[in-house]
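Before the labels used for a new structure can be trusted, it helps to ask what stands behind each of them. The questions and answers that follow take these labels one by one.

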Amino acid sequence: MTFFLTAVLLAGSFVFSGLDAAWQALDRVRLRHRVDKGDRRARTMLSWDPVRPQADLVLAWTSHALGAGALALFASSAGTWWWSVPAIFVPLYALLVGVLARQIFRRLPFFVLSRLWWLVALAGSFWAPLARPVARLLRRVRPDPLPRPPAADELMALAAKTEGISPLEQSMLRRVLDFRRLTAGDLAAPAEKFSCAPADAVLGELLADRRVADAEHTLVIGSDGLPLGAMSCGAAALSGSLAARAQSFARPLASFTSDLPAWSALAKLRRARTPVAEVRDAGTGKFLGIITDESLVARLLGQAV
């Protein structure tokens, strides 16, 4: 009977150790996605997330308590040989509970937790009076902040000392580091540097101009000299309306402030339907120029814009 109870306690410790690993491996983004779809089990699990580290304490304490109980029963059944129990039990416990359970359960976190959540709730109700004040104390302990990321000059010096990094790779690293310092205002170019067409220009006339016709994006310029939008002459020609004016084909531009970081501007343009943006001064709203995803990539690669 003692060995049976020891096996039961050891199995319980195995399960709760695995549940602890599954809880830590649970993807919160996918969990919220399941909640949005109306999964009640996911909603119950997500309600536990704000109480961390209380949730981690409950599962870990339960696993250790059951393991201690199994060790005590095993030692009591050994009689005068109780002193040899740790040499047998501790390696077995470390292998089953500390390694095997965690490796198995963390591979299927939602599947395991959704079916054994009643055990989590039971352990939580048992440890709540002790876990809550301990969790409150742990929240007061601030985690050690991450070290300061190395500055650009430090990275370049490190790259120069590292074997296997060619001069070309070092120059590419320098361009990336320089690019991260720039803003949309630094990269804005006058509209005249891009392919432009007056708003009242006829499509047939634009197609006769090879430079305008071959451009991927042509700026449609209004009477005030500012871009109204962008058009593609090739796409417009598919409509067959050669007598239509350029203004009717203009697609609206994205609008960025001058202080927008260059990396953010590039990411926004890569996702935009029309990867062309006007840049305006962050304070006055004055038009500063135009940027495109091509011009940003060219600057990133160190090519002439």
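**Reasons behind the labels**

Q: Buried or exposed: what are Arg210 and Asp214 called?
A: In this predicted model, Arg210 is exposed, and Asp214 is exposed as well, a label that calls for a relative accessible area over 50%.

Q: What makes Arg210 and Asp214 a salt bridge?
A: The closest N and O atoms of Arg210 and Asp214 are 3.4 Å apart, and the rule asks for a side-chain nitrogen of Lys or Arg within 4 Å of a carboxyl oxygen of Asp or Glu, so the pair counts as a salt bridge.

Q: Where do Arg210 and Asp214 lie along the chain?
A: Both residues belong to helix H12, which covers residues 210–214, and they are four residues apart, about one turn of the helix.

Q: Why can side chains of opposite charge pair at all?
A: Such pairing can take place when the charged atoms of the two side chains come close.

Q: How do you know that Asp178 forms a salt bridge with Arg181?
A: Between Asp178 and Arg181 the closest N and O atoms are 2.8 Å apart, and the cut-off is 4 Å, therefore the pair meets the rule for a salt bridge.

Q: Why is Asp178 called partly exposed?
A: Asp178 has a relative accessibility of 31%, and the label covers values between the 20% under which a residue is buried and the 50% over which a residue is exposed, so Asp178 counts as partly exposed.

Q: Why is Arg181 called partly exposed?
A: The relative accessibility of Arg181 is 49%, and exposed would need a value over 50%, so Arg181 counts as partly exposed.

Q: What makes Arg280 and Glu278 a salt bridge, and why are the two residues labelled as they are?
A: The closest N and O atoms of Arg280 and Glu278 are 3.2 Å apart, which meets the 4 Å cut-off. Arg280 is partly exposed because its relative accessibility is 25%, whereas Glu278 is buried because its value is 12%, and buried means under 20%.

Q: Which residues are joined into one network by salt bridges that share partners?
A: Arg34, Asp39 and Arg41 are joined in this way.

Q: How many salt bridges does the rule give?
A: The count comes to seven salt bridges.

Q: Why is Leu296 called buried?
A: Leu296, which is found in helix H15, has a relative accessibility of 1%, and the label requires a value under 20%, so Leu296 counts as buried.

Q: Why is Leu300 called buried?
A: Leu300 also has its place in helix H15, and its relative accessibility of 15% falls under the 20% limit, so Leu300 counts as buried.

Q: Why are Trp127 and Ala123 called buried?
A: Trp127 has its place in helix H7, residues 117–140, and Ala123 is found in helix H7 too. Trp127 has a relative accessible area of 16% and Ala123 a relative accessibility of 5%, and buried means under 20%, so both residues receive the label.

Q: Where are Val58 and Trp61 in relation to helix H7 residues Trp127 and Ala123?
A: The C-alpha atoms of Trp127 and Val58 are separated by 6.1 Å, although their positions lie 69 residues apart along the chain as a sequence separation. For Ala123 and Trp61, which are 62 residues apart along the chain, the C-alpha separation is 9.1 Å.

Q: Why is Val8 called partly exposed?
A: Val8, in helix H1 (residues 2–25), has a relative accessibility of 42%, a value between the 20% and 50% limits, so Val8 counts as partly exposed.

Q: Which residues make the nonpolar surface patch that includes Val8?
A: Phe4, Leu5 and Val8 make this patch, with an area of about 270 Å².

Q: What lines the largest pocket?
A: The lining has 16 residues, and those nearest the centre are Phe194, Ser195, His217, Thr292 and Glu294. Helix H15 gives the most, with three residues, and the pocket holds about 290 Å³ of space.

How values were computed:
Residues are numbered from 1 along each chain as its sequence is written. This is a predicted model: local features need pLDDT of at least 70, side-chain atom pairs count only at pLDDT 80 or more; totals for chains, interfaces and linings use all residues. Side-chain values use heavy atoms; hydrogens and water are left out. On a 1 Å grid over the protein atoms alone, a cavity is a set of points where a 1.4 Å probe fits but cannot get out, and a pocket is an open set with protein on both sides within 12 Å along at least five of seven lines; lining residues have an atom within 4 Å of a point. Grid points are joined across faces, edges and corners, and a volume is the space filled by probe spheres set on the points. Helices (H or I, at least four residues) and strands (E, at least two) are DSSP runs, numbered from the N terminus. Patches are made of residues with over 30% relative accessible area and no salt bridge: like charges are joined within 9 Å, nonpolar side chains (Val, Leu, Ile, Met, Phe, Trp, Tyr) within 5 Å. Accessible areas come from the Shrake-Rupley method with a 1.4 Å probe; for residues, only the protein chains shown count as cover. Buried means under 20% relative accessible area, exposed over 50%, partly exposed in between (1.4 Å probe, protein chains only).
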